[in-house]
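Colleague: Could you take me through this model step by step? I would like to begin with the overall form and then turn to the details.

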Amino acid sequence: MAISHKIEEFRKALLEFAKRGTITSKVVIEVPELLYGFGKPIYDSEKCYGCAACTIQCLGGALRLIETQDRRRIYMDYWRCIACEECAIKCPKEAIKVERVFDLSSFLSDEPLLLIDVELKRCMMCGRSISSIKQIDEVHGLIKHLPLPKTHIDRIGLLCEDCRKVVAAKSLLRSRGAKVG
Ligand code: SF4
Ligand code: SF4
């Protein structure tokens, strides 16, 4: 049986006990260092710029990325977290710390926790999501002193990667006399 199924069964059993009043959900215990499997990622929303790398790396399937037209949100199903720390390792902003605790009330909750909520930028040509505005601002700040044509810099944050290539290819063709739409 897969570990996630075992955890799900364990969670269901605890829920039953909680319903009967046999246990209280106000339990937070420190997990011994060598006991792998339980932990709680703590996000620093000031440091996080919403790149979503942590959601891609999440080995337990605990982190979920949900995008609306103009927001990017990261949710966590606490009970799925296996405390592998991949999210913290891969975060480019050092915005996550995995605490070694077992929080019974979060473990029993069916409500995903909202960890991050940032404004999203979409490509002005195709409408695909590009990244969070916070991340785009950071990139602009990093490259503004580089000797790049202003048009190149301006396109970052306006167009997605694919549309940037199309625009660049068309302008190259035009500069060589080709007629392109
Ligand atoms: S916590 Fe780190 S990896 Fe996750 S979205 Fe924020 S900056 Fe990106
Ligand atoms: S510690 Fe592992 S399982 Fe938990 S949220 Fe981070 S990547 Fe996912």
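The conversation below goes from the whole chain to its domains, its core and its ligands.

Modeller: Please keep in mind that this is a predicted model.

Colleague: Noted. How many helices and strands are in the chain?

Modeller: The chain contains 7 helices and 8 strands.

Colleague: And what box do the C-alpha atoms fill?

Modeller: Along the principal axes, the box is roughly 80 × 30 × 30 Å. The radius of gyration is 22 Å, whereas a compact globule of 181 residues would have a value near 16 Å.

Colleague: What share of the residues is buried?

Modeller: Buried residues account for 20% of the 181 in the chain.

Colleague: Let us turn to the domains. Where do they lie in the chain?

Modeller: Domain 1 covers residues 3-120, and domain 2 covers 124-175. Their centres, taken over C-alpha atoms, are separated by 34 Å.

Colleague: How many residues are in contact between the two?

Modeller: On the side of domain 1 there are 8 residues, which are in contact with 7 residues of domain 2. Strand 7, residues 113-122, gives the most to that side of domain 1, with 3 residues. By class, the side of domain 1 that touches domain 2 has 4 nonpolar, 1 polar and 3 charged residues.

Colleague: Now the interior. Which residues have the most contacts inside the largest nonpolar core?

Modeller: They are Tyr43, Cys54, Leu63, Met76, Cys87, Ile96 and Ile116, in a core of 24 residues. Strand 7 provides the largest share of this core, 4 residues.

Colleague: Is there a general tendency behind such a core?

Modeller: In soluble globular proteins, nonpolar side chains tend to be buried together.

Colleague: You listed Cys54. What does that cysteine touch, leaving out residues up to four places away in sequence?

Modeller: Cys54 touches Leu63, Cys87, Lys90, Cys91 and Ile96.

Colleague: A change of topic: the ligands. Which residues are closest to ligand 1?

Modeller: Cys54 appears here again, together with Cys48, Cys51, Ala53 and Cys91, as one of the closest of the 13 residues that surround ligand 1. The shell divides into 11 nonpolar, 1 polar and 1 charged residues.

Colleague: And which come nearest to ligand 2?

Modeller: Of its 16 surrounding residues, Cys58, Gly60, Cys81, Cys84 and Cys87 come nearest to ligand 2. The shell around ligand 2 has 11 nonpolar, 3 polar and 2 charged residues.

Terms used: Residues are numbered from 1 along each chain as its sequence is written. Chains are lettered from A and ligands numbered from 1 in the order in which they are written. This is a predicted model: local features need pLDDT of at least 70, side-chain atom pairs count only at pLDDT 80 or more; totals for chains, interfaces and linings use all residues. A residue is near a molecule or strand if its C-beta atom, placed from the backbone, lies within 6 Å of it. Ala, Val, Leu, Ile, Met, Phe, Trp, Tyr, Cys and Pro count as nonpolar, Asp, Glu, Lys and Arg as charged, and the others, Gly among them, as polar. Domain bounds come from an automatic or database domain assignment. Helices (H or I, at least four residues) and strands (E, at least two) are DSSP runs, numbered from the N terminus. A nonpolar core is a set of buried Ala, Val, Leu, Ile, Met, Phe, Trp, Tyr and Cys residues joined through C-beta atoms within 7 Å. A residue is buried if 20 or more other C-beta atoms lie within 10 Å of its own, exposed if 12 or fewer, and partly exposed in between; C-beta atoms are placed from the backbone. The radius of gyration is taken over C-alpha atoms; the globule rule is 2.2 Å times the number of residues to the power 0.38.
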